[in-house]
Amino acid sequence: MAIEIERKFLVTGDSYKAMAFRSDRIAQGYICRQGGNSARVRVRGEKGYITIKGPSLDGGISRFEWEKEIPASEAWELMRLCSTAIIDKTRHLVDFGNHIFEVDEFHGDNAGLVVAEIELSSSAEEFEKPPFLGKEVTGDGKYYNSSLSRFPYKCW
């Protein structure tokens with residue numbers, strides 16, 4: 001079983017766009033959520049994915065994650081089972097220091113929200129921070145995509 005270790009930050013400005021080496025539109029929805037667990041379906045470009053995540057540990061830094069690639073057509077079919085709104089975002093990949101930052105620019109009901117995540121090999125791993133990183137929001141549940149599908153940014 002894989003453990004995902006990541007930290008999340010708000011993004012200031014839009015300098016990340018010029019720094020990005022790749023950008024993809026993503027649609028994702030949640031089939032179910034219960035007790036901190038979630039089952040998610042995602043379409044990213046021409047590929048589909050199904051992901052199961054466990055509850056957050058270590059103040060939100062780590063959690064169990066299992067993901068499997070599926071055909072995009074099947075992912076779109078599974079989206080019909082989602083109980084809340086579909087998240088629409090563009091993911092920009094930024095290579096900075098020795099890490100790749102995933103910067104999510106949200107659209108639709110979450111427009112205006114931009115967050116960056118970095119995956120780490122341990123919770124104590126140090127990393128160089130790019131100039132667009134703002135306040136850290138690791139562990140703040142309102143910034144989880146599963147929460148944004150129920151309580152979008154426009155309603156805050």
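Ser 121 is placed in the loop between strand 8 and strand 9, where strands are DSSP runs of E with at least two residues and helices are runs of H or I with at least four, numbered from the N terminus. The model is predicted, and local features need pLDDT of at least 70, side-chain atom pairs count only at pLDDT 80 or more, and totals for chains, interfaces and linings use all residues. Residues are numbered from 1 along each chain as its sequence is written, and side-chain values use heavy atoms, with hydrogens and water left out.

Ser 121 is exposed, at 63% relative accessibility (buried, under 20% relative accessible area; exposed, over 50%; partly exposed, in between; 1.4 Å probe, protein chains only). Its C-alpha atom is separated by 8.6 Å from that of Glu 6, and the two residues are 115 residues apart along the chain. Arg 80, in the loop between helix 2 (72-79) and strand 6, counts as exposed at 65% relative accessibility. The C-alpha atoms of Arg 80 and Gly 29 are 8.9 Å apart, with their positions 51 residues apart along the chain.

Thr 138 belongs to the loop between strand 9 and helix 3 and is buried, at 18% relative accessibility. Residues up to four places away in sequence being set aside, Thr 138 touches Glu 6, Arg 7, Lys 8, Gly 59, Gly 60 and Ile 61, contact being defined as heavy atoms within 4.5 Å. A separation of 30 Å is computed between the C-alpha atoms of Thr 138 and Glu 46, which are 92 residues apart along the chain. Ser 62, in strand 5, has a relative accessible area of 5% and is likewise buried. Beyond its neighbours within four places in sequence, Ser 62 is in contact with Ile 3, Glu 4, Ile 5, Pro 55, Ser 56 and Leu 57.

Aromatic pairs were assigned to rings of Phe, Tyr and Trp (its six-membered ring) with centres within 6.5 Å; planes under 30 degrees apart count as stacked, over 60 as edge-to-face and the rest as tilted. This rule yields 6 aromatic pairs. One of them joins Phe 101 and Phe 132 edge-to-face, at 6.4 Å centre to centre and 85° between the planes. Because Phe 101 lies in strand 7 (residues 99-106) and Phe 132 in the loop between strand 8 (114-119) and strand 9 (133-136), the pair ties together parts that are 31 residues apart in sequence. Phe 101 is buried, with a relative accessible area of 0%, and Phe 132 is buried at 0% relative accessibility. Ring pairs link Phe 9, Tyr 16, Phe 101, Phe 127 and Phe 132 into a cluster.

Charges over rings were identified by NZ of Lys or CZ of Arg within 6 Å of the ring centre and within 35 degrees of the ring normal. The charged end of Arg 63 is placed over the ring of Tyr 144, 5.7 Å from its centre. Lys 142 lies over the face of Trp 156, with 4.7 Å to the ring centre.

The largest pocket has a volume of about 550 Å³. A pocket is an open set of points on a 1 Å grid over the protein atoms alone, where a 1.4 Å probe fits, with protein on both sides within 12 Å along at least five of seven lines; lining residues have an atom within 4 Å of a point. The volume is the space filled by probe spheres set on the points, which are joined across faces, edges and corners. Of the 36 lining residues, Glu 4, Glu 6, Arg 40, Lys 53 and Arg 63 are the closest to the pocket centre. Strand 3 supplies the largest share of the lining, 5 residues.
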